Amino acid sequence: MLEESFGDTVFYVHESCGRSCRKEEVVHLLPAYDEYLISYKDRSGVLDPGQYAKAFNRFGIFYNVVLYQGQVVGNWERSVRKGAIVCTPSLFVPDLSIPEPLMEKAIARYRDFHR
């Protein structure tokens with residue numbers, strides 16, 4: 001077992017899930033009500049508490065979110081134009097630099113899911 005500390009919390013994980021297997025950068029487009037956010041009361045490990053209102057409201061309405069390196073960093077909207085799915089991200093911090101190929105890969109995965 002490995003110990004992973006995150007703030008004041010210690011997690012015990014199997015060796016196969018250690019930090020060495022998380023080398024690649026990744027972006028995911030998570031839908032509203034995804035378990036990543038909805039399953040936990042304390043979301044501060046993956047979302048800056050100052051940004052909570054942009055990811056969900058106090059009435060239990062969750063929004064589509066952009067996940068970059070395990071952190072919620074923005075929202076995204078889906079639309080259909082001329083039969084094609086269009087995903088439009090908007091980041092909480094405008095000067096955050098997400099490599100365009102990573103965002104395009106996430107959008108392509110979403111489109112593939114709907115084929």
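Let me begin with how the protein chain holds together across its sequence: among its contacts with a separation of 6 or more, 47% are between residues 24 or more positions apart. I should say at once that what we are looking at is a predicted model, and everything I describe this morning is to be taken in that light.

With that in mind, let us turn to the overall plan. The secondary structure of the protein chain comes to 3 helices and 6 strands, and if you follow these elements from the N terminus on, you will read them in the order β-β-β-α-α-β-β-β-α. Along its principal axes the C-alpha trace spans about 50 × 35 × 30 Å. The accessible surface of the protein chain comes to about 8,200 Å², and carbon and sulfur atoms hold 55% of that surface. Of the 115 residues in the protein chain, 29% are buried. As for charge, the chain carries 14 positive and 15 negative charges, and the mean positions of these two groups lie 8 Å apart.

Now, which residue should we visit to begin with? I suggest valine 65, which is found in strand S4, made of residues 65–68. Is valine 65 buried or exposed? It counts as buried, because its relative accessibility is 2%, and the cut-off for being buried is under 20%. If we leave aside the neighbours within four places in sequence, valine 65 is in contact with His28, Leu29, Leu30, Leu37, Ala55, Val72, Gly74, Asn75 and Trp76. One of these partners, asparagine 75, is 10 residues away along the chain, and yet the two C-alpha atoms are separated by 4.2 Å.

Valine 65 also leads us to an empty space. Rolling a probe the size of a water molecule over the atoms shows where empty space is left. A search of the whole structure finds 1 cavity of 30 Å³ or more, and the largest cavity has a volume of about 50 Å³. Which residues line the largest cavity? They are Leu30, Pro31, Tyr33, Asp34, Leu37, Phe62, Tyr63 and Val65, and you may recall that Leu30 and Leu37 are also among the contacts of valine 65.

Let us move along to the loops on either side of strand S5. Most residues other than glycine have a negative phi, and most peptide bonds are trans. Glutamine 69, in the loop between S4 and strand S5 (71–81), has a positive phi of about 55° although it is not a glycine. Lysine 82, in the loop between S5 and strand S6 (84–91), likewise has a positive phi, near 55°, and is a residue other than glycine. How do they stand towards the surface? Glutamine 69 counts as partly exposed because its relative accessibility is 39%, whereas lysine 82, at 90% relative accessibility, counts as exposed.

For a contrast with valine 65, consider another valine, valine 13, which is found in strand S2, residues 9–13. Valine 13 is partly exposed, since its relative accessible area is 21%, and the buried class takes in values under 20%. Leaving aside neighbours within four places in sequence, valine 13 is in contact with Met1, Leu2 and Glu4. The C-alpha atoms of valine 13 and glutamate 3, which are 10 residues apart along the chain, are separated by 6.5 Å.

Next comes tyrosine 110, whose place is in helix H3, residues 100–113. Tyrosine 110 counts as buried because its relative accessibility is 14%. Not counting residues up to four places away in sequence, it touches Leu29, Trp76, Arg78, Ile85 and Cys87; Leu29 and Trp76 are also contacts of valine 65. Tyrosine 110 and glutamate 25 are 85 residues apart in sequence, and their C-alpha atoms are 17 Å apart in space.

My last stop is serine 39, which sits in the loop between helix H1 (35–38) and helix H2 (52–55). With a relative accessible area of 44%, serine 39 is partly exposed. How far apart in space are serine 39 and serine 97? From C-alpha to C-alpha they are 28 Å apart, with their positions 58 residues apart in sequence.

Notes:
Residues numbered from 1 in each chain as written. Predicted model: local features only at pLDDT ≥ 70, side-chain atom pairs only at ≥ 80, totals over all residues. Heavy atoms only, no water. Helix = DSSP H or I, 4+ residues; strand = E, 2+ residues; numbered from the N terminus. Buried < 20%, exposed > 50% of the residue type's maximum accessible area, 1.4 Å probe, protein only. Contact = heavy atoms within 4.5 Å. Areas by Shrake-Rupley, 256 points an atom, 1.4 Å probe, with all protein chains shown as cover. Lys, Arg positive; Asp, Glu negative; His and termini not counted. Charge placed at Lys NZ, Arg CZ, Asp CG, Glu CD. 1 Å grid on protein atoms, 1.4 Å probe; cavity = no way out; pocket = protein on both sides within 12 Å on 5 of 7 lines; lining within 4 Å. Points joined across faces, edges and corners; volume = space filled by probe spheres on them.
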